[in-house]
Amino acid sequence: MPPSLPSRRGVLGGLGALAVAGSFGLAAAGNGASALTSDADVRVRYWNLFSGGDGANMIAMLDAFRRAEPAIDVKDSTLQWGNPFYTKLAMAAAGNRAPDLGVMHLGRVTGFSPGRLLDPWDLDLLAKYGVREADFNPALWKRAVVDGTLYALPLDIHVQLCYYRKDVLKKAGLLGDDGRMVPVTSVDEWFDVLKEARRATKKGLQTIGLWHSDQNFQWWFFVAFYTQLGGTWFNADNTETTFDVDKATQVLEFLRRHITDGYTNPGYGGTAGAEQFLNGSPFAWEGNWSVPVFSGAKVEYGATPLPPVFGKQATHAESHSFVLPHRSDRGGPANEGAHQLAAYVVKHALQWAAGGHIPAYTPTLSTPAYQKLEPQHEYASAMDHQATEPKVWFAGSTGILAQEVGALVVSSTTGSAGPDVVAGRMRRQLARLLAMKNPMDGRTAAQGGAVA
């Protein structure tokens, strides 16, 4: 049996301590559409954090569900992306005012005190509506399991990508016969590619934009390349760090070299990488959510997982997942409706893929409709080589790990500290975080279950 639920005051205090995790405010709050309720037998309250193109795609999927299942009234609400969303969700779960269904980044699930603030999924109900473990990538499903229990149902993975301008690369002789970027398998090959691409780039444009001053992106890139080197974070019991300073230094030196060799202009920050890419810069490292932006601009481009410069395929991946926020009255028609809604959206995620995300439901990936999507089909292989953050309470999208350790990566990339010095600081910071208690439940990473 899980320990008793924390008090609202306790959770509020804990969430205040989590304020360091921050948010980069990409979404606006608001209420979504709702089905007419005159003939509805069941009401399902659903909270999400999707805005912009993702928000429009989610609304379209919900409307399709409403047409297919008129007996279920979906009351959806969109809250502000990032920590404001997680704070409201935690408070609602602690105060027994939670929605029937919610969305959460998969990396955040372990820190959300599964069994206290999250309820487990009913595998039989999911199977009833056509969703089974066999329909998912094994590594992705394993991340959703805590202490042998499924606490999240993955909707997608979203990954960091290497976008490339086909027109510039063709001019530089860097496109293969298949119209895609030539393969890269080492650090030297990558910088040779950048050198040739720079020669074909219009004057005044940088060769690559890589969010060099953003702690979240720099952390995601670090996770990818550190994973390529086979780097680890903590031992199996989460009692000590196994972080490899030498491997970390290699990654930090690699990231830093983009600036020291002049391929990234240190004066450009924010979204300048994407803006310059639209203007003719040959490369941009961005999340897959930029696909609608680049496609809408009618740019001739491709997108591939981050280059395996250290020999092993691995690109940073997170996942939007459905969760069941804790309710003392969990069960009955509303709970079954939540399972039915989540299963429907997961199984009908082709619309979601239009936003650049890779559907978690693997049968979708083999459909002719998905295989026609470009560049989505080009990078779908990222599902098989996901580089993820460690499964600890302080990890996950915009979590403490990204905010504190990611800031250290930025200090190396931008040159305010040496890579070897920063690698040592990262190890010490990881050890400090490992000893910290999760403000959600007062347990350290070693005490809070994470075993699949």
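**Group meeting: a walk through one predicted chain**

Okay, let's start with contacts, where contact means heavy atoms within 4.5 Å. Among contacts in the protein chain between residues at least 6 apart in sequence, 80% join residues at least 24 apart. Before I go on, the ground rules: this is a predicted model, so local features need pLDDT of at least 70 and side-chain atom pairs count only at pLDDT 80 or more, while totals for chains, interfaces and linings use all residues. Residues are numbered from 1 along each chain as its sequence is written, and side-chain values use heavy atoms, with hydrogens and water left out.

The overall inventory, then. The secondary structure of the protein chain comes to 17 helices and 16 strands. Those are DSSP runs numbered from the N terminus, with helices being H or I over at least four residues and strands being E over at least two. The chain has 452 residues, and 58% of them count as buried. For that, buried is under 20% relative accessible area, exposed is over 50%, and partly exposed is in between, with a 1.4 Å probe and protein chains only.

Now to strand β9, residues 156–165. How many of the ten residues of β9 are buried? Ten of the ten, so β9 is largely enclosed by the rest of the structure. If you look at the two faces, D156, H158, Q160, C162 and Y164 point one way, I157, V159, L161, Y163 and R165 point the other way, and all are buried.

And what does β9 pair with? Pairing here needs at least two bridges found by DSSP between the strands. With β11, residues 283–287, there are five bridges in the antiparallel sense, and Q160 has G287 as its bridge partner there. Five bridges also join β9 to β12, residues 301–305, again antiparallel, with Y163 standing opposite A303. Then β13, residues 315–318, runs antiparallel to β9 and is joined by two bridges; the partner of V159 in that strand is A317. Last on my list is β15, residues 358–359, which pairs with β9 in the antiparallel sense over two bridges, and there D156 sits opposite P359.

On to helices. Take α2, residues 52–68, and α12, residues 332–347: their axes come within 10 Å and cross at roughly 120 degrees. The axes are lines fitted to C-alpha atoms, for helices over the stretch in contact, and the angles run from 0 to 180 degrees between N-to-C directions. α2 and α12 are therefore oblique to each other; under 35 degrees would count as roughly parallel, over 145 as roughly antiparallel, 65 to 115 as roughly perpendicular, and the rest is oblique. On the α2 side you have M58, M61, L62, A64, F65 and A68, meeting Q340, L341, Y344 and V345 in α12. By class, that contact has nine nonpolar residues, one polar and no charged. The classes put Ala, Val, Leu, Ile, Met, Phe, Trp, Tyr, Cys and Pro as nonpolar, Asp, Glu, Lys and Arg as charged, and the others, Gly among them, as polar.

The other pair I picked is α16, residues 400–413, with α17, residues 419–435, whose axes come within 9 Å and cross at roughly 170 degrees. That makes α16 roughly antiparallel to α17. From α16, residues including I400, L401 and E404 meet residues of α17, among them P419, V422 and R425. The contact of α16 with α17 divides into ten nonpolar, three polar and three charged residues.

Just ahead of α2 is F50, in the loop between β2 (42–48) and α2. Is F50 buried or exposed? Buried, with a relative accessible area of 3%. Leaving aside neighbours within four places in sequence, F50 is in contact with G55, M58, T78, V103, H320 and W352. F50 and V103 are 53 residues apart in sequence and 9.1 Å apart in space, C-alpha to C-alpha.

Finally, backbone oddities for anyone who likes torsions. E374 and P375 are joined by a cis peptide bond, omega about 10 degrees, and P375 lies in the loop between α14 (368–371) and α15 (376–379). D147 is not a glycine, yet has a positive phi of about 50 degrees. D147 is in the loop between β6 (145–146) and β7 (149–150) and is exposed, at 52% relative accessible area. W211, also not a glycine, has a positive phi of about 50 degrees. You'll find W211 in the loop between β10 (208–209) and α8 (215–228), and at 18% relative accessibility W211 counts as buried.
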